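Here's a quick briefing to read alongside the model. Have the viewer open and follow along.

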2 protein chains.
Amino acid sequence: MINTVINPDKGQREQLCRRPSIDTDVISDSVREILKEVRLQGDNALKRLTKLYTGTDLNSLKVTDEEINSAGDLLSEDLKSAIRLAAGNIERFHGSQLYTEAATETMPGVLCWRKSVGIEKVGLYIPGGNAPLFSTVLMLGIPANIAGCKEIILCTPADKNGKINPAILFTAGLVGIRSVFMIGGAQAIAAMAYGTETVPKVDKIFGPGNQYVTRAKELIQTEGIAIDMPAGPSEVLVVADEDANPSFVAADLISQAEHGPDSQATLVTNSKTLLEGVLKCLSEQINELPQTTTTSISLDKSNLILMQSIEECFSFSNLYAPEHLIIATRNARADAEKVANAGSVFIGQYSCESAGDYASGTNHTLPTNGYARSYSGLSVDSFIKKITFQQITADGLKELGKAIETMAEAETLYGHKNAVSVRLKTI
Amino acid sequence: MINTVINPDKGQREQLCRRPSIDTDVISDSVREILKEVRLQGDNALKRLTKLYTGTDLNSLKVTDEEINSAGDLLSEDLKSAIRLAAGNIERFHGSQLYTEAATETMPGVLCWRKSVGIEKVGLYIPGGNAPLFSTVLMLGIPANIAGCKEIILCTPADKNGKINPAILFTAGLVGIRSVFMIGGAQAIAAMAYGTETVPKVDKIFGPGNQYVTRAKELIQTEGIAIDMPAGPSEVLVVADEDANPSFVAADLISQAEHGPDSQATLVTNSKTLLEGVLKCLSEQINELPQTTTTSISLDKSNLILMQSIEECFSFSNLYAPEHLIIATRNARADAEKVANAGSVFIGQYSCESAGDYASGTNHTLPTNGYARSYSGLSVDSFIKKITFQQITADGLKELGKAIETMAEAETLYGHKNAVSVRLKTI
């Protein structure tokens, strides 16, 4: 059952920040084999591996335009409206993330600037399984479009009948992705990293996945292909005081916990009453949900922590650096200023994590496992690179030249000095 | 000698984009050993490894304030002025990179925004050797300050007398870094990644280094510590037409080539006359430089390529994705619009790479080895993370709630749905 901790000391706090660990080393060899096979044998390898792991014979790896166009016929109007509403919000928030920076004249005649340029070719991975993550298609596809990526492809595994969930296809169509491939697992990552007869090679790969997908992304990252960020199990931390609604807090912890046994949900509060209320609501709500088993397993990794003050709660939260941080306190907006490390922050009692997971506009691809100390969540920034430019006039180089020569000589780089000297001679 | 290629076909172009390859696998085992020793034995390991590799007995790992303060006494006024001038320009350009984004109301009652927060603890690595890279202290330290990083530490190896080059110490002092440690190689990366009795653990590690440093950074990246970017040998590509000055172009190629035998310098031009002029200037200039040997070795990996048009030159450059791109054409500024993949671009005949390497204001830590397709160069962005926030009102959730419930149910995540339902019931 869920672990309760009262006033943990420094050592205990560090212990409480530890995430359920996952050892990806054990699967490295098989992932390396898959990468190699796809690199050398292309489409044939993809078909063989799909047959091997799922029993499905694929004639064609690519989903037809017809299938994408008609996918919406299989969905309810309610679901399509919901997806469109979410897409609109995600587009509005991510649309605000792209801007043109002004040039800076650092000295007379020395002009420097940056320009945001979309990464040309990007690959999105959407896992299969029981839960069709069409929301992730929105979260990856929309910023890729805004960034101006020229080629956007998507890989996702087909089911045993060789079909892809229509919600995924509908959403892909909605965000304008026409290149969808029925490939899953490490072989999908390999296909996008190396390219095959059918699948184009991309410059950067995005999206969640199981341990094989994660390990494949780690490995191809050292081979010239960029990836979105290190992956790990999802997590939430809720900071709450006596004003918080225990039922809301319990629901937020459960919504995290249902992601599976590796997920971690943490409550940090300065109120014993609230903590006890949450404990009570947890068991009530779990009993009313269909997936009781999964949920109860996952709460084993979770903690309810009682601290002496709200300050201490935020100090712990910043140490933990949660992927999702919910602030359910009386002065939530002011308290948000105390956040130093977090992926995405939900302020006040009506800002539940589910809102950001689906439809409010923020991205749900976020740094886990303490990476929020140094990584940002996914945004339009993830789909662009910023190229620096400089233009120096003859007069500019006259002003700047001597400093460059002096510094280059002090670093014993005479060729660097010479590149300035040959120019200064002519001015 | 340098390789000349005329009108390469598609296959040849891909071949010309290959970088000199470096196999870091062979040193993995020794780097793993070093990481492990430092993790388990802290300062003792650092002292033992320093003694082993450099013969130096270190009593203390930390440079004293006195040493930092007095380092400038050992430098010429010319050098100190040059460093100050460069620092001013770098500060002005990087200072323009930090801004506050406005919040977006994606729907009535749904407010989303991002906030840039400095990464709390960062570690900078500066290699030792003959060339004291004090310029890199500016390039890493200044953006770290602008980003608001709270703790900035620097590791760099001492020489055989247990001293650090005074230009490095002076520059560290100038940018306000007071925590300088005399540690080099993979053990320095390990010290900053794990922390020791003396060296604080950091969240992200920056800076260049040899193969051991590079491999150590790659390995610790999978253990929760972020790194600046994948490292590789430096490279330049010059696009030039008949208007370019062959002497300037030759000097730029040489200034790249002196970085060592793995560096690659490439000229792409539509003018046979220019190409021949550059070839002539190359041998003339090399003969006048002190480091002839290094330089000539390095040009073995370099190429002079003749294309049929300037369009084709840029098409090749975008395929190559150079770290540094110099545009020496009649319409350089307009041609710069054709750049899709590059780290830093130098426009026109007076914008030599050395300017950006030292003093114009742009950063010299840039993506190599084709990573310019997906990575940006170092900037203030590299020292911050952007945290997303959202605040939803009761009315906002009323508008948004049904869409979230519908989407969560379609993804079979009933806990996510429930987190909205418990709230909607109370509104």
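What is the count of salt bridges between chain A and chain B? The count is 12, where a salt bridge is a side-chain nitrogen of Lys or Arg within 4 Å of a carboxyl oxygen of Asp or Glu.

Before the details, some ground rules. This is a predicted model, in which local features need pLDDT of at least 70, side-chain atom pairs count only at pLDDT 80 or more, and totals for chains, interfaces and linings use all residues. Residues are numbered from 1 along each chain as its sequence is written, chains are lettered from A and ligands numbered from 1 in the order in which they are written, and side-chain values use heavy atoms, with hydrogens and water left out.

**Where the chains meet**

- On the contact list are 120 residues of chain A and 121 residues of chain B, with contact meaning heavy atoms within 4.5 Å.
- Together, chain A and chain B bury about 10500 Å², and 57% of that is on carbon and sulfur atoms; buried area is the accessible area (1.4 Å probe) that two parts lose on being put together, summed over both.
- One salt bridge to pull up joins the side chains of Arg114(A) and Asp381(B), at 3.2 Å from N to O.
- Polar contacts link 76 residue pairs between chain A and chain B, both residues at pLDDT 80 or more. Such a contact is a pair of N or O atoms within 3.5 Å; within protein, one must be able to donate a hydrogen and the other to accept it, and residues adjacent in sequence count only if both atoms are side-chain atoms.
- Helix α15 (residues 394–410) of chain A gives the largest share of the side of chain A that touches chain B, with 10 residues. Helices (H or I, at least four residues) and strands (E, at least two) are DSSP runs, numbered from the N terminus.
- Sorted by class, that side of chain A has 59 nonpolar, 39 polar and 22 charged residues. Here Ala, Val, Leu, Ile, Met, Phe, Trp, Tyr, Cys and Pro count as nonpolar, Asp, Glu, Lys and Arg as charged, and the others, Gly among them, as polar.

**Symmetry**

- A turn of 180 degrees and a shift of 0.0 Å along the axis lay chain A on chain B with an RMSD of 0.0 Å, superposing by least squares on the C-alpha atoms of residues with pLDDT of at least 70 in both.
- That is the relation of a two-fold axis.
- Both copies use the same surface, as 100% of the contact residues of chain A recur in chain B.

**Strands around β14**

- Across the chains, β13 (residues 344–347) of chain A and β14 (residues 384–392) of chain B pair in the parallel sense over 4 bridges; two strands pair if DSSP finds at least two bridges between them.
- In this pairing, Phe346(A) stands opposite Gln390(B).
- Within chain A, 9 bridges join β3(A) to β14 (residues 384–392), and the two run antiparallel. Cys112(A) has Gln390(A) as its bridge partner there.
- β2(A) and β3(A) form a hairpin with 2 residues between them, and Gly109(A) in the turn has a positive phi of about 85 degrees.

**The open sheet**

- In chain A, 5 strands make an open sheet with parallel pairing, in the order β6-β5-β4-β7-β8.
- β6 (179–181) and β8 (226–227) of chain A are at the edges with a single partner strand each, so one side of each has no neighbour in the sheet.
- β4 (residues 121–125) and β7 (residues 204–206) of chain A pair over 3 bridges, with Val122(A) opposite Lys204(A).
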